[in-house]
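Hi,

Here is the structure I promised to pass on to you. Have a look at it first, and then read my notes below.

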Amino acid sequence: MNNSTQPVPRRLGLGLVGCGRFGQFSLSTFATIPNLNLIGVADRDQGRAEATATAYGVTAYSDYSAMLADPSVEVVAINTPPALHAPMGLAAAAASKHVFCEKPLATTNDDATSLLRAVRDARVRPAVGCCTTCATLSGPLHPPASTPYRRAPSLGPPTSSLPEQ
């Protein structure tokens, strides 16, 4: 098969908020995913954001809203303390950014529902990571031989259970 006839997948621009240890782990994994283009990082500790940005050759935003204002950021990876997940996800959806949020999506059912409604209304995609989700995107994980793989059942689109407004 001639590879020149295959469409080249578009690379999505990713901005990460939260440059702590888990944010660093996630960013190192995101950097290995061919269809992602790391754009920049934001953190409440500007020095940590700048150090992370330098390490990855990306932009260090002065704050989260500056990252959301950048049109080259299409996906926001939220790696902050859980109490910030819903408000940051709502801001990302309002800025028409796809939301990749480390678990939990929110700290209350009402906040989770509000966030899912916001991404649905903004016509962007939500995703919730579970510690090793981004690691499995770049290659298989190898559990101990005594741990069988089990495939989770399909739950359908993440916003399919929301009541219509």
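Let's begin with strand E1, residues 12-17, in this predicted model. Because 5 of its 6 residues are buried, E1 is largely enclosed by the rest of the structure. It has a partner in strand E2 (residues 36-42), and the two pair in the parallel sense over 6 bridges. If you want a spot to look for in that pairing, Leu 16 stands opposite Val 41 in E2. The connection is worth following too: E1, helix H1 (residues 21-30) and E2 make a right-handed β-α-β unit.

E1 also pairs with strand E4 (residues 75-78); these strands run parallel and are joined by 4 bridges. Here Leu 14 is the residue to find, standing opposite Val 75 in E4.

Now to E2 itself. Of its 7 residues, 6 are buried, so E2 too is largely enclosed by the rest of the structure. E2 pairs in the parallel sense with strand E3 (residues 59-60), over 2 bridges. You will meet Val 41 again there, as its bridge partner in E3 is Ala 60. To get from E2 to E3, the chain passes through helix H2 (residues 46-56), and this β-α-β crossover is right-handed.

Two residues in this region make a nice contrast. Thr 52 lies in helix H2. With a relative accessibility of 4%, under the 20% limit, Thr 52 counts as buried. Leaving out residues up to four places away in sequence, Thr 52 touches Cys 19, Gln 24, Leu 27 and Val 41. Arg 44, on the other hand, is found in the loop between E2 and H2. Its relative accessibility is 79%, and since anything over 50% is called exposed, Arg 44 counts as exposed. The C-alpha atom of Arg 44 is separated by 7.7 Å from that of Gly 18, although the two residues are 26 apart along the chain.

Next, the interior. In soluble globular proteins, nonpolar side chains tend to be buried together. The largest nonpolar core in this model has 24 residues, and the ones that touch the most other members are Val 17, Tyr 64, Met 67, Val 76, Ile 78 and Val 119. Two or more residues each come from E2, helix H3 (64-69), E4, helix H4 (85-94), strand E5 (98-102) and helix H5 (109-122). H5 gives the most to this core, with 5 residues. Apart from this core lies another, of 15 residues, which includes Leu 16, Leu 27, Phe 30 and Phe 100.

Val 76 is a good place to centre your view. Setting aside its neighbours within four places in sequence, Val 76 is in contact with Gly 15, Val 17, Tyr 64, Met 67, Leu 68, Ala 92, Lys 97, His 98, Val 99 and Phe 100.

You may wonder how many disulfides a search of the whole structure finds. The search finds 0. As for individual cysteines, Cys 19 counts as buried at 2% relative accessibility, and Cys 101 is buried with a relative accessible area of 0%.

Finally, the view of the whole chain. The secondary structure comes to 6 helices and 6 strands, and from the N terminus on the elements run β-α-β-α-β-α-β-α-β-α-β-α. The protein chain has 165 residues, of which 36% count as buried. Among contacts between residues at least 6 apart in sequence, 61% join residues at least 24 apart. The chain exposes about 9900 Å², and carbon and sulfur atoms supply 56% of that area.

If you have only a few minutes, I would start with E1 and its parallel pairing with E2, then go on to Val 76 and the residues around it.

Enjoy exploring, and write back with any questions!

Best wishes

Key. Residues are numbered from 1 along each chain as its sequence is written. This is a predicted model: local features need pLDDT of at least 70, side-chain atom pairs count only at pLDDT 80 or more; totals for chains, interfaces and linings use all residues. Side-chain values use heavy atoms; hydrogens and water are left out. A disulfide is a pair of cysteine sulfur atoms within 2.5 Å. Buried means under 20% relative accessible area, exposed over 50%, partly exposed in between (1.4 Å probe, protein chains only). Contact means heavy atoms within 4.5 Å. Accessible areas come from the Shrake-Rupley method with a 1.4 Å probe; for residues, only the protein chains shown count as cover. Two strands pair if DSSP finds at least two bridges between them. A crossover is right-handed if, with the strands pointing away from the viewer, the path from the first strand over the helix to the second runs clockwise. A nonpolar core is a set of buried Ala, Val, Leu, Ile, Met, Phe, Trp, Tyr and Cys residues joined through side-chain atoms within 4.5 Å.
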